[in-house]
Amino acid sequence: MQQYVIFFNQINRSSLPLVGGKGANLGEMTQAGFPVPSGFCVTTFAYRDFVATSPAMEAFFTKLSNIDASDLHQVREIGQGIREHLQQVAIPEKITAEILRAWEKAGTGNYYAVRSSATAEDLPNASFAGQQDTYLNIKGQEELLTHVRKCWASLFTDRAIVYRAKNGFDHREVYLSIVIQQMVIPEVSGIMFTADPVNGNRTVVSIDASFGLGEALVSGLVTADLYKVKNHAILSKKIARKKLAIYAVPEGGTVTQELSAAQQEHQVLTDSQIIDLAGLGKKIEKHYGQPQDIEFCVAQNECYIVQSRPITTLYPLPDMPQQPVRVMLSFGHAQMMTDAFKPLGLSVLQNIVSQRLFKAAGGRIFLDPSDILHNKLARLIFPKVLSNADEAMSRAIDVVVKRPEFLKGRQLRAADAVNASTVRKILMPVMKQVWTILRSGDPKAGREHVDKFMQQHMAQTRQALCGVRGAERIKAVKEQFDSIFTELIPNIGPYLLAGLFANVLLKKICIRKFGNQTGVDLLNKSLPGNVTSEMGLALGDLADKVRDLPDVQEYLKVAKDQSFFSGLDEVPGGRQCKAEFAAFIDKYGMRCPGEIDITNPRWYETPTRLTSAIFSNIQSLKTGEHRERFARGEKEAAEAARRILQAEEGRVTSKRVSRLINVYRNLGGLREHHKFLMISVMGECKQAILAEARQMAATGILEQAEDSYYLTLDELHQLLQGNITKPVTELVARRKAQYQRYQELKPPRVMTSEGEIVVVPPRRDHVPAGALLGSPVSAGVTEGTARVILRPEEAVLNAGEILVAPHTDPGWTPLFQSAIAIVTEVGGLMTHGAVVAREYGIPAVVGVDEATMLIKDGERIRVDGTQGLIEFLSTPNE
């Protein structure tokens, strides 16, 4: 027999399909012994049987299935029609009888809160509070039944319809229970978050409290008092001026009253109540195993919990203790790829670099340098070095490492001491070699040594992966990733660092001599041997080849990845450029946007993603212009070197300056060699992984080869060894859903082990009104049309356009030839976009928060790469 009514003491969290999220939580807390006002739920069976009595509902559901959630007029019209209809439908007699029996048992003389509880709210991943309606201080049989019907109808409020449509919930499959809970007439009501909802700190309880019922607070009628508690102590109190309060009235319903002047400024909760309430909140959090958003009220000095739901807006924490406090940096921000990684991508990076340093959270990788930062010298130097990667990250780190709670954790454990010793053993020989390179030897020979090492390493990688199959092939892949980092450090590190140090020293000399670093900025142009610049030039050559072949251009607009090369044979002129395409893919095909995630499609898998860059080159550059620019940059760099040396002529330092210029011009272009090699190894290893994955798909172990992206390297190895006997289909499906949730999160730049997201805004001294502020990384000022591009394969840049992007890595380089300036949300002085912009001699400003949202496509803007400013000159329609 279907149960239409069930009391709180019969409900727990597993009852969600029967009583919805709100009802399940109230029952769970009641059974756990928390102070919850008594009550009962009208179950989802009652809702379904009520709706089933209406023949018209099927047509309404059909309309909802086809609704456009962005068409608010359509939503409003359909929603209003359903609500008006349901409020006219009679409640079946059996349901009415059960509700009234429960009401009589609970007490007919009591006042009740009648709340909606849907099966699509207060969920661990979908806590959408306030979708449906709540009615307070309801008394009497007729009023109770009237508001039960109103609650059922409120499943179709405009906001509830839009929420379900946008989150993929089937309107037919979301059911409504109704919570009927005895009213507590409170002196105080409020909301408590057991983690700070603003910055995510899991150790801080945040409490909002106001007089009377909580409706004044929720509806925004009053500004509540705000209290913050950490470790049983009050961190802060912000006493608000509370002009109004909502109270229950004896005849039923509520009334809004103006508070007396004295009460308006009065602290709502006493200090002891604040601490006790925070302690209760932490107990509820412990019971649920995750931070909670809790509604509470205080009546006659007793605290009652009237709702608890998970906080779903917090960024996930890595698997590590909260204490002692540690600090973590987003690896994705440093590498210009802030998207979520799939599990295979995460495991590859954790194989390349120690899992002790790399922590996974929310589908991203975070670097934990805490042990290093416990050293006083490191705390001084690290933020300055970090500013080259991301200035906003540097500001945040500089604040965290000075906090007492971080400094308390500086006593290294034995394991940390060993780790620090290992780091010193690796770095000391490198730094000695850097010093030698700066003083003597042939820098050009050093560049040749690096190139030779890279060729040999790639040959070894291909050899290691050749001739092995099954689990042995995945084992060989793991070995390649395990060894690459330790081989990069001694073979590329000294030459790369020597080039960087030469640049830093030359900047100081130029500032001393000329009062600015313009000379060094010019020395950056057209650096020989830069693998990313060479790729841009090669793509320009390819565009020039296509430029005079109109049939090939038409083919590229419709080409498919699977038949890309064979299709060229069928097009007039296609064979002329097929070899050039093949050569480009052979050398650079392992690259792509977001290339540090091995699961992202490489150009050798999706060659059509290059077409937008080819057309950008054709439309914005003349034949050979990219080569002419590079040659012009070489001349400008040579002239800058001559001027710097002329200024030093006759001084004892002239030889040292000449040496630094020689080192920088020969080794400065190695800045991306380490990453180029790493991505090249990834490209070879990905083909090996996919070869095994395709075999597993053919034998039914995987549904499709790409499902391997949702397993780790260790899991793939175990699977091929036969050590995993259970089907992995369910695991893959679960991880796909998790990946989609992670992709929607915005990762923090800097986060502590307590979950605090640390943001330190830049200083805005002397910034023009309305201008956006970022980090100046490539000097110059230019004006043009903003072209907002979220993914490089999605758009073509025209002449005179400014590239505005969330971030850029080498996969974006093909577009740089066409841009007259660069603006990104992420980056620093030495990140990819900044380096290439300086080489191309175009202004660039990075680290501009929400640039892709604040700057509209088609607006005219001024980019000041010297001061780090973006100014708006016109709207897109002007």
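The structure holds 1 cavity of 30 Å³ or more, and since the model is a predicted one, what follows describes computed geometry throughout. About 80 Å³ of space lies in this largest cavity. Its lining is made up of Pro593, Trp603, Arg609, Leu610, Ser612, Ala613, Pro792, Glu793, Gly811, Pro814 and Leu815. Helix H26 (611–620) and helix H32 (813–816) are the elements that give two or more residues to that lining. By residue class, the lining of the largest cavity divides into 7 nonpolar, 2 polar and 2 charged residues.

The second largest pocket, in turn, has a volume of about 1,200 Å³. It is lined by 44 residues, of which Thr338, Pro747, Pro806, His807 and Glu825 are the closest to its centre. Helix H15 (391–400), helix H31 (729–743) and helix H34 (851–854) each supply at least two residues of the lining of this pocket, and the largest share, 4 residues, comes from H15. The two linings are set out by class and volume below.

| Space | Volume | Nonpolar residues | Polar residues | Charged residues |
|---|---|---|---|---|
| Largest cavity | about 80 Å³ | 7 | 2 | 2 |
| Second largest pocket | about 1,200 Å³ | 25 | 7 | 12 |

Two helices can be described by the residues that they bury. In helix H2 (44–52), the residues Thr44, Ala46, Tyr47, Phe50 and Val51 are buried. Viewed down the axis of H2, these buried residues fall within an arc of 155°, and they therefore line one face of the helix. In helix H3 (residues 57–65), the buried residues are Met57, Phe60, Phe61 and Leu64. Seen down the axis of H3, they fall within an arc of 100°, so that they too line one face of their helix. The cover over the buried residues of H3 includes H2 itself, together with helix H4 (72–86) and helix H7 (158–166).

A single residue of another helix also deserves a description. Glycine 281 lies in helix H10 (residues 271–288) and is buried, with a relative accessible area of 0%, which places it under the 20% cut-off for burial. When its neighbours within four places in sequence are left aside, glycine 281 is in contact with Met192, Thr194 and Ile294. Its C-alpha atom is separated by 7.9 Å from that of valine 205, although the two residues are 76 residues apart along the chain.

The remaining features concern strand S24 and its pairings. Strand S24 (residues 860–864) pairs with strand S20 (residues 781–788) in the antiparallel sense over 5 bridges, and within this pairing threonine 785 of the chain stands opposite arginine 860 in S24. S24 is also joined by 5 bridges to strand S25 (residues 869–874), and these two strands likewise run antiparallel. Here aspartate 864 stands opposite leucine 869 in S25. The hairpin of S24 and S25 has 4 residues between the strands, and in this hairpin glycine 868 takes a positive phi near 80°. As a general point on such elements, the side chains of a regular strand alternate between the two faces of the sheet.

Note on methods
Residues numbered from 1 in each chain as written. Predicted model: local features only at pLDDT ≥ 70, side-chain atom pairs only at ≥ 80, totals over all residues. Heavy atoms only, no water. Pairing = 2+ DSSP bridges. 1 Å grid on protein atoms, 1.4 Å probe; cavity = no way out; pocket = protein on both sides within 12 Å on 5 of 7 lines; lining within 4 Å. Points joined across faces, edges and corners; volume = space filled by probe spheres on them. Nonpolar A, V, L, I, M, F, W, Y, C, P; charged D, E, K, R; others polar. Buried < 20%, exposed > 50% of the residue type's maximum accessible area, 1.4 Å probe, protein only. Arc of directions from axis to C-beta. Contact = heavy atoms within 4.5 Å.
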